[in-house]
Amino acid sequence: MLRTDTTFYQLTRNTVAVQGEQHLYFYYRQEDETAELEVYPLNFQASRPVRIVRSADFLLLDSLTPVPNKPFYRAKIKFKELTATRFLRLTFSQPADSAGGVPLTQTINLLPITRTTLELRPGDTELFVGEEKVFELSSNNLKNIRTTADWTKGRDIDYRITQEKGGLRLHVLPNALGTRLLTVQVQTERPFLTDNNRRVSYSLPPIRQEFSVKASRLRFLSVDKKEITIDELSRRKGVELILDNGRTFDLKRTYRIEEQEEAGGTLIAELFTRQYLTNDRVLCWLRVYNTHRQTDSYLYIKENDQAKYITNFNISPKTTINAVSVRHRGGDWVSSTNVNPGETVDVRLEGESLARARFHFEDVQIIPSDSSIRTDAAVVYRVQVPITVDKRRITIFNNGQPTGQSLAVREFQRPHPLDFVSVTFGESPRPITRFNGPVLYDRTVSDVVFNFNTAGIDSDKQLYGKQYLSFDIRTQNARGELIEMRTVDNIVVCPDENSVRAAFYQDKQCQVGNISLNSLLSARKTYALDDWSTIIITVRHNQAQYQEAGFTQKLELVLQRRVKFDIDISFPGGLLTKYKGESSFTSFGGISLATLAQFSFYHPTKINKLRPYKVGAGFVALNAFNLSQDANVNRDLGIVVLGSVYPTRSDAKLTFPLYLGGGYLMNKKSLFFLFGPGIGIRL
């Protein structure tokens with residue numbers, strides 16, 4: 001069931017046959033009509049939910065969900081451009097009822113219908129033979145009226161319907177005198193129902209209007225050609241023309257044709273009468289010299305500067321295209337004629353005498369559009385370039401002949417997000433876009449290798465084309481001093497053979513294989529870098545190759561270390577020592593000298609930041625700098641294991657660490673323990 005506003009349309013009741021197929025019809029008033037769906041599956045099971053297949057013809061506002069305690073589903077959709085949409089369908093799917101079964105699908109054809117009115121209310125019903133007159137038509141749905149560029153033929157009053165400046169125009173051209181009835185048959189884009197909603201009709205009720213057709217002051221002579229092209233051939237040799245017999249024509253004589261009845265008008269053409277025909281007409285040669293439009297004025301056939309007859313026809317310059325411009329989706333008109341495979345673009349042709357030309361584009365489909373323009377000076381077409389187009393140029397033809405203009409097919413060249421670039425430096429490859437901020441790596445970096453997922457660039461719906469990349473490489477030591485800097489430009493990564501445009505991406509510059517960082521470095525390889533050195537690699541799109549901003553990704557790899565081993569010389573002072581077998585510590589000692597092989601420990605989440613403690617072993621010369629001659633001064637050399645605590649300030653030159661440990665005294669031949677401060681100097 002489908003509901004618009006307060007009207008319900010059911011599949012069991014509101015259907016009509018169109019070309020042998022049943023369609024669910026519904027009336028609409030707006031191009032983007034919103035409708036509510038109620039779907040009643042034959043076998044309602046919560047374990048087998050029904051889904052609606054998405055389509056470009058409508059927007060699913062609310063998902064298809066079951067109604068509580070009801071055996072049906074409900075959804076809300078919003079249609080798009082109902083008048084222009086063709087083959088509108090709703091497709092539903094339901095999972096199979098058993099493993100390995102075939103999912104159930106059902107397609108319902110929709111037929112949007114609308115009530116369209118068309119009225120003609122002329123203010124003046126007087127016409128003249130051979131004189132075109134234009135009336136305005138009023139309608140409640142202008143988009144649903146089919147316009148006709150060609151005139152009807154063989155009627156008392158010929159007509160055509162055009163759309164200009166957002167309104168409908170009825171052009172009439174009388175051919176016979178007296179009171180004449182004009183009957184206008186109009187077709188619609190969307191149908192309406194007749195015979196109690198049983199038959200589809202595209203024909204509106206005919207418009208009938210009586211006109212009083214009068215003769216002009218001069219006799220009007222009709223011609224067999226209403227369109228004459230002015231070119232070198234028509235100027236010199238002339239165009240063969242059949243004209244009504246003017247009764248006073250002299251054979252083998254040239255008559256002057258001007259745009260005004262008075263003498264001295266501009267020469268438009270010359271008419272040379274050749275011979276009479278059996279149907280009371282005259283065969284002539286027409287040599288044209290200037291352009292003319294029927295809507296501007298009549299043409300006067302003159303003899304000795306005196307008007308004898310009037311006629312009318314168009315004299316147009318040869319169809320010439322002077323400029324071609326293209327508008328891509330969401331963009332402005334540009335003079336570049338480059339188009340991309342799979343793209344839908346608007347093409348504007350500018351020149352002369354374009355309205356009566358019949359243009360077509362080689363191997364390209366023209367899509368009807370409400371925004372199309374067709375005048376003598378410009379025409380606009382909406383064309384869809386096939387995604388599999390195999391030509392580099394799309395020629396524009398007029399009546400089957402090349403116009404000399406064409407569209408250039410260029411492969412898409414858009415920057416793709418850099419997730420197709422992967423990097424490995426000792427672990428499994430990962431996309432470079434996953435690295436945000438510095439990466440601390442505590443093992444030796446044998447190499448940094450970049451590889452490219454060429455299958456991740458183009459997809460069935462999105463084409464990006466070749467990717468032009470540049471790599472900026474810097475290595476620096478633990479103090480931030482530059483070791484080496486390299487830039488690698490013009491790395492071209494091409495989509496792989498799974499792309500529909502793979503055959504057109506073939507290029508000798510396409511990157512084959514991986515990129516090794518060590519093959520680019522010359523000063524020092526990655527495995528020879530010191531602790532806490534940093535490798536900074538910036539990958540970016542080469543902006544000169546694109547018309548839009550590219551992507552940039554930075555990888556900062558820091559060679560982390562957990563432990564640092566070093567030989568440290570310090571000056572403990574004021575140590576408290578306790579010897580084995582003694583019950584108390586000695587008094588504060590003098591300045592000692594300690595030479596220790598120490599292990600320092602780095603903070604696990606900070607770069608090159610030491611923890612405030614160290615552990616080491618070595619020698620301590622107790623009271624080494626106590627120069628007193630007192631015999632009670634205990635000078636001795638000990639083998640010790642010490643732990644020390646240092647201040648956390650990294651910029652201090654003079655520090656006072658605390659020591660705690662023990663060892664063995666060489667002179668006393670005794671174990672001892674010590675505790676106390678020291679003096680540290682950082683150069």
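This passage describes the strand pairing, salt bridges and a loop residue of a predicted model.

Local features were taken at pLDDT of at least 70 and side-chain atom pairs only at pLDDT 80 or more, whereas totals for chains, interfaces and linings use all residues. Residues are numbered from 1 along each chain as its sequence is written, and side-chain values use heavy atoms, with hydrogens and water left out. The mean pLDDT (the predictor's confidence in each residue, from 0 to 100) of the protein is 85, and 93% of its residues reach 70 or more. Among the elements of the protein, the lowest mean pLDDT, 72, belongs to strand β51 (residues 654-655), and the highest, 94, to strand β22 (residues 254-258). Strands are DSSP runs of E with at least two residues, numbered from the N terminus.

An open sheet of five strands, with antiparallel pairing, has the order β2-β1-β5-β8-β7; two strands pair if DSSP finds at least two bridges between them. At its edges stand β2 (7-9) and β7 (58-66), each of which pairs on one side only. Neighbouring strands of this sheet are turned by 20° against each other on average, direction ignored; the axes are lines fitted to C-alpha atoms, and angles run from 0 to 180 degrees between N-to-C directions. Strand β1 (residues 2-4) is joined to β2 by three bridges in the antiparallel sense, and Thr 4 has Thr 7 in β2 as its bridge partner.

A further open sheet of five antiparallel strands follows the order β29-β28-β31-β34-β33. Because β29 (333-334) and β33 (365-367) are the edge strands, each with a single partner strand, one side of each is left without a neighbour in the sheet. Two bridges connect β28 (residues 320-327) with β29, and Arg 327 stands opposite Trp 333 in β29.

Strand β48 (residues 593-602) pairs antiparallel with β46 (residues 563-572) over eight bridges and with β49 (residues 610-622) over nine. Asp 568 stands opposite Leu 596 in β48, while Ser 600 stands opposite Lys 614 in β49. The side chains along β48 alternate: Ala 594, Leu 596, Gln 598, Ser 600 and Tyr 602 point to one face and are buried, whereas Leu 593, Thr 595, Ala 597, Phe 599 and Phe 601 point to the other and are not. Here, buried means under 20% relative accessible area, exposed over 50%, and partly exposed in between (1.4 Å probe, protein chains only).

Side chains of opposite charge can pair when their charged atoms come close. A salt bridge was defined as a side-chain nitrogen of Lys or Arg within 4 Å of a carboxyl oxygen of Asp or Glu, and the count comes to 32. One of these joins Glu 36 to Arg 74, with the closest N and O atoms 4.0 Å apart. Glu 36 lies in β5 (residues 34-39) and Arg 74 in β8 (residues 73-79), so the pair ties together parts that are 38 residues apart in sequence. Glu 36 is buried, with a relative accessible area of 18%, and Arg 74 is partly exposed at 33%. Both residues belong to a network of salt bridges that also includes Arg 3 and Glu 38. Elsewhere, Asp 244 and Arg 281 meet in a salt bridge (3.0 Å, N to O), and both are buried.

Asn 477 is placed in the loop between β41 (467-476) and β42 (482-493) and is buried, with a relative accessible area of 17%. Contacts of Asn 477 (heavy atoms within 4.5 Å) include Ile 483, Trp 532 and Ser 533, not counting residues up to four places away in sequence.

Key. Helices (H or I, at least four residues) and strands (E, at least two) are DSSP runs, numbered from the N terminus.
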